[in-house]
Amino acid sequence: MRYLTSGETHGEALVAIIEGLPSNLFIDVDFINNELKRRQSGYGRGGRMSIESDVVHILGGVRNNLTIGAPLSLFIRNLDYENWKGKDVPRVKRPRPGHADLSGAIKYDLKDMRDVLERASARETAARVSVGAVAKLLLKNFGIDVKSDVLEIGGERDREKWPSLIDEAKNEGDTLGGVIEITIDGVPVGLGSHVQWDRKLDALLSYGVMSVQAIKGVEIGMGFMAARQRGSSVHDEIFYDGHFYRKTNNAGGIEGGISNGMPIVLRAYMKPIPTLRKPLTSVDIDSKEEVKAAYERSDVTAVEAAAVVLEAVCAWTIADEMTKKFGGDSLQDMVENFNMYIKRVEKY
Ligand SMILES: Cc1cc2nc3c(=O)[nH]c(=O)nc-3n(C[C@H](O)[C@H](O)[C@H](O)COP(=O)(O)O)c2cc1C
Ligand SMILES: C=C(O[C@@H]1CC(C(=O)O)=C[C@@H](OP(=O)(O)O)[C@H]1O)C(=O)O
């Protein structure tokens, strides 16, 4: 399967087209909208979230709520568009450190960095969450479930302390990042492959995770800690009791680029939001003078929203691998192939 998104943060709408979905998949629009709502939640978001109320419109690929094998088009309106359309908006010429502003403007030879931020913005993740919701609907047919848990905000693990930490950062004109854990239950042994670099499941998941705005690192299972331990305390010993099993899951469900049947566990590290109300030093691209970076409005933190986005990108990767392994023309074909495979695995 593949998908593309299109649309700018203050443009009319966001669009996604998914190609390669099996036919006869029930598209539960309420479920997609609920996922969009979850993405808009979380303490520390800025003024924009009180303007938007994301709802998906399906423009193609479905009849009577079932996919027909054709590309699925998803459309989400930007309500803020009404406040921007036709307005003479000032140029952005003081690039924000940590955002795409300066590098994007140089690369595309744009004199107004608003043309960069419009597409770099994580508003685009609304489209990706709608795509991920469709992936989750597919995965439900195979008992696969993708969950997230926010582990840290601003370096603090105690969630009781998050609201006051976020308020403090907000009052000081500053921002916060955090750590998110994704767990994927029900993945059968055998997704991904050891045989080629671009088929390894850990690499594929990492690509999706790292493509999310502001994510700067990903670790799988025991992750970076494993580099500091001995092999005997890292690798998950193998046992047999009518079936193969492990007592530990330090590998996070993936060995040799292949799912091993244990839950897939990964953690993503999100940097603090780049737009600061108390801006960092920058340079005016016209005068080349030292200035403070641009500020209009911003989230103080968006770790909870990013968790929902990460669920979506991981669901997509797993759904894509499921269609590769079990066929993607009709859901029934896929289920039959899956059941046959599970029987074969049980006998191994
Ligand atoms: C859900 C979410 C909301 C975000 N909100 C903001 C924001 O309000 N202001 C901002 O400057 N960056 C925000 N970001 C981060 C920027 O989009 C991101 O840092 C920027 O596109 C540069 O990409 P990079 O950090 O991956 O290098 C947000 C990211 C996510 C995932
Ligand atoms: C719009 C969303 O997130 C936006 C992501 C974002 C950025 O720079 O990434 C900047 C902010 O947008 P604005 O400049 O309009 O306030 C966030 O609100 C959203 O999550 O739907």
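Let us start at helix 1, which spans residues 29-39 and holds arginine 39. What you are looking at is a predicted model, and arginine 39 is a handy place to enter it. In the unreviewed UniProt entry, the annotation "binding site" covers Arg39 and Arg45. Both Arg39 and Arg45 belong to the lining of the largest pocket.

From arginine 39 we can step straight to ligand 2. An N or O atom in the side chain of arginine 39 is 2.6 Å from an oxygen atom of ligand 2. Histidine 10 also takes part, with a side-chain N or O atom 2.8 Å from an oxygen atom of this ligand. Arginine 48 joins in too: one of its polar side-chain atoms lies 2.8 Å from an oxygen atom of ligand 2. On its own, ligand 2 would expose 470 Å², and the protein buries 87% of that.

Now look around ligand 2 as a whole. Its surroundings include Arg45, Met49, His99, Ala122, Arg123 and Arg297. Sorted by class, this shell contains 6 charged, 3 polar and 2 nonpolar residues. And where does ligand 2 lie? The space it takes up is the largest pocket.

Ligand 1 is our next stop, and it sits in the largest pocket as well. Here 18 residues form the surroundings, with Ala214, Lys271, Thr275, Ser298 and Asp299 the closest. The shell around ligand 1 is made up of 8 nonpolar, 5 polar and 5 charged residues. Aspartate 299 is worth finding on the screen, as it appears in the surroundings of ligand 2 and among the closest residues to ligand 1.

Which atoms come up to ligand 1? In aspartate 299, a side-chain N or O atom is 2.8 Å from a nitrogen atom of ligand 1. Alanine 214 uses its backbone instead: an N or O atom there lies 2.9 Å from an oxygen atom of the ligand. Lysine 216 brings a polar side-chain atom to 3.2 Å from an oxygen atom of ligand 1. Of the 630 Å² of accessible area that ligand 1 has by itself, the protein covers 86%.

Finally, let us return to the UniProt record. Its unreviewed entry also lists a set of residues under "binding site", among them Arg119, Ala120, Gln213, Gly256, Lys271 and Pro272. The members of this set are spread over 179 residues of sequence, and in space their C-alpha atoms are up to 44.5 Å apart. Which of them help to line the largest pocket? Ala120, Ser121, Gln213, Ala214, Lys271, Ile273, Pro274, Thr275 and Arg297 do. Two of these names are already familiar, since Ala214 and Lys271 are among the closest residues to ligand 1. Ser121 and Arg297, in turn, are found around ligand 2. To end as we began, on a helix: arginine 119 from the UniProt set lies in helix 4, which covers residues 114-120.

Key. Residues numbered from 1 in each chain as written. Chains lettered and ligands numbered in written order. Predicted model: local features only at pLDDT ≥ 70, side-chain atom pairs only at ≥ 80, totals over all residues. Heavy atoms only, no water. Near = heavy atom within 4 Å. Polar contact = N/O pair within 3.5 Å; in protein donor to acceptor, adjacent residues only side chain to side chain. Areas by Shrake-Rupley, 256 points an atom, 1.4 Å probe, with all protein chains shown as cover. 1 Å grid on protein atoms, 1.4 Å probe; cavity = no way out; pocket = protein on both sides within 12 Å on 5 of 7 lines; lining within 4 Å. Sits in = over half its atoms within 2 Å of the grid points. Nonpolar A, V, L, I, M, F, W, Y, C, P; charged D, E, K, R; others polar. UniProt positions renumbered as here; feature names shortened; annotations may be inferred. Helix = DSSP H or I, 4+ residues; strand = E, 2+ residues; numbered from the N terminus.
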